[in-house]
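Me: Please take a close look at one part of this model and describe its surroundings. I should then like the account to be carried on to other parts of the chain, as one connected description.

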Amino acid sequence: MILLVGNLKGGTGKSTISFNLGVWSAYQMRRALIIDSDPLHTISTLLAVRKEERHQPVIYSLIAAETALADEIDRISDLFDDIIVDIAAGDKVGLRAALKVADKVLIPLLPGQADVWALSDTMELIEEARQAKPELPVMVVINKADTNQQIRETQETEEAMNHVKGISLAPTSLGYRVVMRRSLTEGLGAAEWAPRSKAAEEIDHLARAVFEVKN
Ligand SMILES: Nc1ncnc2c1ncn2[C@@H]1O[C@H](COP(=O)(O)OP(=O)(O)OP(=O)(O)O)[C@@H](O)[C@H]1O
Ligand SMILES: [Mg+2]
């Protein structure tokens, strides 16, 4: 599956989620590749740490941006089971290019009205891509969800998503968890760093939904 992880808004967890899904896929003995199309190269840096620390399994990545993106993906798509494309914030050219070849789109969304409003920019490009690919599935996952139930933003954001046409809401949100940040520092996925953590459980749940894997 070619999975595009995108949101034109910055800091919503695109790279973190791309990496964790890549790790998940590799543990399923699938051939996983992450495409790093961000000029800040978060994924490449993270995988360099992983390599230095000699963590297994090796996660493969490739740097490709903008118009080269679609060509590169076409060229190598047969070699991998899962290709996860991490798009940079604000990169409309890259997002457009990746939408052309994507089988599915995953949008990490932060809770809160500002992020819901900002989603329309990303949705505009998705609708444009749907003129050629009307069936393109788009899943939204709420990331850094409030773990304190008293705070209503996450639930309100979920409700707002139920009114957006043409998307599905992931069966789990990802809570705001220290494990998600800390594990990255070590070049590890949340499930590797803290296998019994809530974060690991949520990533597993999300990955199964995204890659359509039954228990
Ligand atoms: N569920 C989470 N819980 C806690 N921290 C998180 C979570 N998801 C992401 N983070 C942290 O939030 C920050 C932003 O995440 P990340 O870099 O993945 O976002 P991004 O969408 O790729 O950003 P950019 O738009 O700059 O590419 C990072 O410090 C990351 O460790
Ligand atoms: Mg990023």
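**Helix α7 and beyond**

Reply: Among the elements that cover the buried residues of α7 are α1, α2, α8 (190–193) and α9. The model is a predicted one. Helix α7 itself spans residues 178–185, and its buried residues are Val 179, Met 180, Ser 183 and Leu 184. Around the helix axis these residues cover an arc of only 130 degrees, so they lie on the same side of α7. The other side of the helix carries Val 178, Arg 181 and Thr 185, which are exposed. Just after α7 comes Gly 187, with a positive phi of about 75 degrees.

Two of the covering helices, α1 and α9, also meet one another. The axes of α1 (residues 14–27) and α9 (residues 198–210) come within 10 Å and cross at roughly 75 degrees. Because angles of 65 to 115 degrees count as roughly perpendicular, α1 is roughly perpendicular to α9. On the α1 side the contact is formed by Asn 20, Leu 21 and Trp 24. Their partners in α9 are Ile 203, Asp 204, Ala 207 and Val 210. By character, the residues of this contact comprise five nonpolar, one polar and one charged.

The segment after α9 contains Glu 212. The phi of Glu 212 is near 55 degrees, a positive value in a residue other than glycine. Glu 212 has 9 other C-beta atoms within 10 Å and is therefore exposed. A phi near 55 degrees, again positive in a residue other than glycine, is found at Lys 144. Lys 144 belongs to strand β6 (residues 138–145). With 22 other C-beta atoms within 10 Å, Lys 144 is buried, whereas Glu 212 is exposed.

A further helix with a buried face is α3. Its buried residues are Leu 69, Glu 72 and Ile 73. Viewed down the axis of α3, the buried residues fall within an arc of 100 degrees and so line one face of the helix. Thr 67, Asp 71, Asp 74 and Arg 75 are exposed on the other side of α3. The cover over the buried residues of α3 includes the strands β1 (2–5), β2 (32–36), β3 (60–63) and β4 (82–86), together with helix α4.

The packing of α3 against α4 can be described in more detail. The axes of α3 (residues 66–76) and α4 (residues 92–101) come within 7 Å and cross at roughly 20 degrees. Because angles under 35 degrees count as roughly parallel, α3 and α4 are roughly parallel to each other. The crossing in which α3 passes α4 is right-handed. From α3, the contact involves Glu 66, Thr 67, Leu 69, Ala 70, Ile 73 and Asp 74. From α4, it involves Val 93, Gly 94, Ala 97, Ala 98, Lys 100 and Val 101. These contact residues comprise seven nonpolar, two polar and three charged. Leu 69 and Ile 73 thus appear both among the buried residues of α3 and in the contact with α4.

The loop between α2 and β3 deserves separate mention. Pro 57 is placed in this loop, and the peptide bond from Gln 56 to Pro 57 is cis, with omega near -5 degrees. Val 58 is also in the loop between α2 (42–52) and β3. Val 58 has 12 C-beta neighbours inside 10 Å and therefore counts as exposed. Val 58 and Ala 32 are 26 residues apart along the chain, and their C-alpha atoms are separated by 9.4 Å.

Leu 109, in strand β5 (residues 104–109), completes the account. Leu 109 counts as buried because it has 28 C-beta neighbours inside 10 Å. Leaving aside residues up to four places away in sequence, Leu 109 touches Asn 7, Thr 12, Asp 115, Leu 119, Val 140, Val 141, Ile 142, Asn 143 and Thr 157. Leu 109 and Arg 75 are 34 residues apart along the chain, with 30 Å between their C-alpha atoms. Arg 75 is one of the exposed residues on the other side of α3.

Key
Residues are numbered from 1 along each chain as its sequence is written. Chains are lettered from A and ligands numbered from 1 in the order in which they are written. This is a predicted model: local features need pLDDT of at least 70, side-chain atom pairs count only at pLDDT 80 or more; totals for chains, interfaces and linings use all residues. Axes are lines fitted to C-alpha atoms, for helices over the stretch in contact, and angles run from 0 to 180 degrees between N-to-C directions. Helices (H or I, at least four residues) and strands (E, at least two) are DSSP runs, numbered from the N terminus. Angles under 35 degrees count as roughly parallel, over 145 as roughly antiparallel, 65 to 115 as roughly perpendicular and the rest as oblique. A crossing is left-handed if the near helix is turned anticlockwise from the far one by less than a right angle, and right-handed if clockwise. Two residues are in contact if their C-beta atoms, placed from the backbone, lie within 7 Å. Ala, Val, Leu, Ile, Met, Phe, Trp, Tyr, Cys and Pro count as nonpolar, Asp, Glu, Lys and Arg as charged, and the others, Gly among them, as polar. A residue is buried if 20 or more other C-beta atoms lie within 10 Å of its own, exposed if 12 or fewer, and partly exposed in between; C-beta atoms are placed from the backbone. The arc is that of the directions from the helix axis to the C-beta atoms.
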